[in-house]
Amino acid sequence: MIRIESVQHHIGPAPILSDISLELPKGRLTALIGPNGAGKSTLLRLVARLERLQAGRIAVDGQDIARTPTETLARSLAIMGQHNNVASRLRVSELVGFGRWPHHRGRPRAADHAAVAAAIEAVDLGPLAHRFLDELSGGQVQRAFLAMTFAQDTPWVLLDEPLNNLDMAHARALMARLAGVVRESGRSVVTVVHEVNYAAAWADHIVAMKNGRIFAQGPAEQVLNEALLSELYGTPIEVSSHDGRPLVLHHHAHSEAELMIRVAS
Ligand SMILES: Nc1ncnc2c1ncn2[C@@H]1O[C@H](COP(=O)(O)OP(=O)(O)OP(=O)(O)O)[C@@H](O)[C@H]1O
């Protein structure tokens with residue numbers, strides 16, 4: 001389990017996260033949802049120690065991250081953030097190879113090469129493994145970063161908007177793969193998802209954030225209801241069901257003026 005206790009975060013005087021206490025369940029696919037600016041990325045970055053913890057405590061499987069050596073943390077947790085600056089003169093296979101670093105520390109063995117090849121194959125980039133990143137499309141770059149994260153082969157995988165740029169087939173394949181990894185290997189995945197139906201179809205557990213606070217948490221069928229989602233996003237949302245899972249509908253025609261009033265309120 002990842003245990004987050006009384007975490008607060010400020011940037012200058014601005015409160016970004018206020019008094020977050022939360023348990024992320026082990027062996028589950030957790031979707032982190034909520035409107036833009038809610039603090040989802042900041043929370044993931046604090047857990048992965050990419051941001052300095054200002055107040056509170058975070059423990060990953062009982063290890064306080066403030067006292068865990070980097071190489072130990074890198075073997076228990078991998079994060080894929082939002083990569084705005086891509087080192088473009090890097091080949092796909094080299095990028096994915098970085099994921100193995102915590103395992104071999106500069107001396108890759110056959111098992112590391114095999115793990116890299118398998119991770120590249122799993123995101124459907126086999127034929128592009130030798131391409132430079134700046135010779136790929138946005139979705140292909142995203143898949144290369146996903147492969148690097150998977151190659152790290154950690155019990156915890158944190159993903160910040162992994163569906164960015166992915167077409168419908170690759171998005172669906174990724175969610176199915178995440179659910180499969182959780183089910184078959186007992187690994188734990190925490191992923192930020194904007195398109196709520198991907199969470200509705202595949203996530204076991206939902207954490208909803210708004211204004212730097214936890215707004216709701218629980219099983220998908222409990223959290224993804226009309227009243228809660230409409231309030232979370234400040235826009236009218238209907239929830240139906242499909243295959244026994246919630247199906248979120250927001251395509252009903254409303255005027256632009258009406259929608260903007262609700263977002264602002
Ligand atoms: N460097 C920064 N300086 C000032 N404010 C920042 C900075 N980085 C983030 N913020 C603010 O922190 C808040 C939380 O941002 P964060 O990226 O964690 O939200 P998010 O829920 O991941 O949003 P999104 O869905 O848009 O990615 C936002 O209001 C954002 O404007």
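These legends go with several views of a predicted model.

**View 1. The whole protein, with eleven helices and twelve strands.** Stretch a box along the principal axes and the C-alpha trace spans about 55 × 40 × 35 Å. For 265 residues, a compact globule would come out with a radius of gyration near 18 Å, and the protein's 19 Å agrees with that. Some 36% of the 265 residues count as buried. Take the contacts with a separation of 6 or more: 64% of them link residues 24 or more positions apart.

**View 2. Strand β9, residues 205-210, and its surroundings.** Is this strand enclosed or open? Five of its six residues are buried, so the rest of the structure largely encloses β9. Buried here means that 20 or more other C-beta atoms lie within 10 Å of a residue's own.

**View 3. Strand β3 alongside β9.** Here β3 covers residues 29-33, and its pairing with β9 runs in the parallel sense, over four bridges. To find your place, look for Ala31, which sits opposite Ile206 of β9.

**View 4. The hairpin of β9 and β10.** Strand β10 takes in residues 213-219, and its pairing with β9 is antiparallel, with six bridges. Lys210 has Arg213 of β10 as its bridge partner. How many residues lie between the strands of this hairpin? There are two, and in the hairpin Asn211 has a positive phi near 50°.

**View 5. β9 with both partners, β3 and β10.** Put the two pairings together: β9 meets β3 in the parallel sense, while β9 and β10 pair in the antiparallel sense. Ile206 of β9 faces Ala31, and Lys210 bridges to Arg213 in β10.

Terms used
Residues numbered from 1 in each chain as written. Predicted model: local features only at pLDDT ≥ 70, side-chain atom pairs only at ≥ 80, totals over all residues. Buried ≥ 20, exposed ≤ 12 C-beta atoms within 10 Å, placed from the backbone. Pairing = 2+ DSSP bridges. Rg over C-alpha atoms; globule rule 2.2 N^0.38 Å. Contact = placed C-beta atoms within 7 Å.
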